[in-house]
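Work through these exercises with the structure open beside you. Try each task before you read its solution.

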Amino acid sequence: MVQQAHCIKWKQLDSELEALLIEAELIRLHQPEFNVLLKDDKSHIYIQITKKLYPRVKTVRRRDIYQKNLEGTILGPYQSAYKLKKVLRLARKIFPWCDLAQKRINKIKPARENKIKPAREVDSQSKLKQYKQACFYQHLDLCPGACIGQIDPSEYQKNIKNLTLFLRGKTKIVIKRLEKEMLALADQCKYEQANIFKQKINLIKDVIEKKYRLEPDLILPALHDSQTISAVNHLKKILQDFTKLPRHYQLKRIEGYDVSNIQGKNAAVSMVTFKNGFPHKKNYRLFNIKKTSTPNDYQMLKEALERRQKHPEWGKPNLLVIDGGKGQLRAALSVWKWSTPIIGVVKNPDRIIIPVKHFIDKKTKRLKIEYQIINLPSDHPTLFLAKHIRDESHRFAKKQHSRLRRKNMVKTSAA
């Protein structure tokens, strides 16, 4: 490995956790020959929170969800099992859960059915108290003692609900809930218990600070000298995080589209082409709109994309970048037949919109789309590339629109 290396680059980071996360992302992004363990391409991984009296928190693969008909709350998908395990380790320090309590309850022979649910809960807790030996995690403060009946099911489930919100990224709601409970305990002079909630709040705030960020705005160290190639790699990483894009998928050809018209007149749709992140003007194309003469950007975009797909000889794109938001993306997805991912770029503030899932609803026969909005720092290489494609397509479309308008003005004056 040393003999094959051309150069060595390194970057100092704020914490060991951030170093581990960045290492994992770089390995998954570049797929190096030597890092075998961290570049697996298994099916997406999910979090399952079981639907039981004492819910468990487990990681499951996509195939298990469908084959075993798993119940409970399913969170995900997550592309990186390595990253997910790190997240769960942090989460368990704040919201401890128990893996053993429900197993012990299942071993207990059920008594006669009781119509009052709280009685069953109390009965289960009292039976768990018969066990004197706690699980291993209870000694590490990663289990609230449910395995030996130290916490009743309602309190345990409240903790799990906060955990679910935390894993969904709703940290502000969780902090408000914990602060409310902390103040209530303080009013009752239960200062030790209130201090536990204060420690949890501080842990959450530590986790969501910059040094622990796990979102796609993480800027990975460049392993090459070209900022453009770095931008393409970061864009590929973001798409892999939120779509089913294969690990080895290449963004060699990216096409950008924009509509230009005034009240539907002299309308044109531009197609600009970027190869390996650089403009390739030889492959720029323009579509003069023929079917629509009224202000309807969506129909104009549809017409252009339908005509584009009639020209596979131009080469198929690896990604489409649309100047616009959810409306433009819906229009594009409704006519686009090739298996090319599509994203939108929106202004004020600049952000990227990714359709993570789209399907035809069987009842309404309408296109259903789930979106992911990506807000990136202004200096992020991916945002710079996306804006460059958008601005270039806008410039090219406006140029053609102006040309058509001048041409029609000459015809009108001549008449």
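**Exercise 1. Classify D350, then trace its salt bridge to R390.**

Step 1. D350 has 23% relative accessibility, so D350 counts as partly exposed. The cut-offs are these: buried is under 20% relative accessible area, exposed is over 50%, and partly exposed is in between (1.4 Å probe, protein chains only).

Before going on, note the source. This is a predicted model: local features need pLDDT of at least 70, side-chain atom pairs count only at pLDDT 80 or more, and totals for chains, interfaces and linings use all residues. Residues are numbered from 1 along each chain as its sequence is written, and side-chain values use heavy atoms, with hydrogens and water left out.

Step 2. Find the partner. The side chains of D350 and R390 form a salt bridge, 2.9 Å from N to O. The term means a side-chain nitrogen of Lys or Arg within 4 Å of a carboxyl oxygen of Asp or Glu.

Step 3. Place both ends. R390 lies in helix α12 (residues 381–414), and D350 in the loop between β9 (342–346) and β10 (351–360), so the pair ties together parts that are 40 residues apart in sequence. Helices (H or I, at least four residues) and strands (E, at least two) are DSSP runs, numbered from the N terminus.

Step 4. Widen the view. Salt bridges with shared partners link D350, K387, R390 and D391 in one network.

Step 5. Check the other end. R390 is buried, because its relative accessible area is 5%.

**Exercise 2. Compare two further salt bridges.**

Step 1. Start with the total: the structure holds nine salt bridges.

Step 2. Take R92 and D99. Their closest N and O atoms are 3.4 Å apart. R92 has 8% relative accessibility, so R92 is buried.

Step 3. Take E155 and K158. Their N to O distance is 3.5 Å. Both sit in helix α6 (residues 153–167), three residues apart, about one turn of the helix. An α-helix has 3.6 residues a turn, so residues three or four places apart point the same way.

Step 4. Classify this pair. E155 is partly exposed at 36% relative accessible area. K158 is partly exposed too, at 35%.

**Exercise 3. Describe how α10 and α11 pack.**

Step 1. Get the geometry. The axes of α10 (residues 297–308) and α11 (residues 326–335) come within 9 Å and cross at roughly 35 degrees. Axes are lines fitted to C-alpha atoms, for helices over the stretch in contact, and angles run from 0 to 180 degrees between N-to-C directions.

Step 2. List the contacts, meaning heavy atoms within 4.5 Å. On α10 the residues are Y298, L301, K302, L305 and E306; on α11 they are G327, Q328, A331, A332, S334 and V335.

Step 3. Sort the contact by class. There are six nonpolar, three polar and two charged residues. Ala, Val, Leu, Ile, Met, Phe, Trp, Tyr, Cys and Pro count as nonpolar, Asp, Glu, Lys and Arg as charged, and the others, Gly among them, as polar.

Step 4. Look at burial. In α11, Q328, L329, A331, A332, L333 and V335 are buried. Their cover includes α10, β8 (319–323), β9, β10 and β11 (367–374).

**Exercise 4. Locate K237 and set it in the whole chain.**

Step 1. K237 is in helix α9 (residues 227–242).

Step 2. K237 has a relative accessible area of 4%, so K237 is buried.

Step 3. Now look across the chain. K237 and T382 are 145 residues apart in sequence, yet their C-alpha atoms are separated by 9.8 Å.

Step 4. Zoom out. The chain has twelve helices and eleven strands. Buried residues make up 46% of its 415 residues.
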